[in-house]
Amino acid sequence: MLDGTARKYLRGRAHALRPAVHVGKEGLTEAVVNAIRTSFEAHELIKIKLQTERDERRAWARAIAEKTGSECVGEIGHMAVFFRRHPDPDKQTIDLPGHS
């Protein structure tokens, strides 16, 4: 579980990122979830564009976090930012403030 400082730091790092995955009218299909998992193999921090209504976006963000073992660190508009620490310490690229 990330604290507020780490979340703020990650949102700042994600600002320049382009969306890695777009979730459209078909919703969270297994193919979309697999694409998100693939993105997490290459990156610890990803941005996802969620093309739906506000209430459904929040539900999708919770479902993505649950299905991928990640944490949603921020949502603004149709964008959501997710972080998942890479299990291999040699491939961890983000140093979180206050975490070792």
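A residue is called buried when its relative accessible area is under 20%, and exposed when that area is over 50%. The exercises below use a predicted model.

**Exercise 1.** Find which residues of H2 are buried, and where they lie around the helix axis.

*Solution.*
Step 1. Apply the cut-off of under 20%. In H2 this selects Val 32, Val 33, Ile 36, Ser 39 and Phe 40.
Step 2. Check their directions. These residues cover an arc of only 115° around the axis, so they sit on the same side of H2.
Step 3. Recall the general geometry. An α-helix has 3.6 residues a turn, so residues three or four places apart point the same way.
Step 4. Look at the other side of H2, where Ala 31, Glu 41 and Ala 42 are exposed.
Step 5. Name the packing partners: the buried residues of H2 pack against E1, E2, H3 and E4.

**Exercise 2.** Test whether the span of H2 agrees with 1.5 Å a residue.

*Solution.*
Step 1. H2 has 13 residues, which should span 18 Å.
Step 2. The end C-alpha atoms of H2 are 19 Å apart, which agrees.

**Exercise 3.** Describe the largest nonpolar core and the elements that build it.

*Solution.*
Step 1. This core has 16 residues, and those with the most contacts inside it include Val 23, Ile 36 and Phe 82.
Step 2. Two or more residues each come from strand E1 (21-23), helix H2 (30-42), strand E2 (45-50), helix H3 (54-68) and strand E4 (79-83).
Step 3. H3 gives the largest share, 4 residues.
Step 4. Apart from this core lies another, of 10 residues, among them Ala 6, Leu 10, Ala 14 and Leu 45.

Conventions: Residues numbered from 1 in each chain as written. Predicted model: local features only at pLDDT ≥ 70, side-chain atom pairs only at ≥ 80, totals over all residues. Heavy atoms only, no water. Core = buried A, V, L, I, M, F, W, Y, C linked by side-chain atoms within 4.5 Å. Buried < 20%, exposed > 50% of the residue type's maximum accessible area, 1.4 Å probe, protein only. Expected span 1.5 Å × (residues − 1). Arc of directions from axis to C-beta. Contact = heavy atoms within 4.5 Å.
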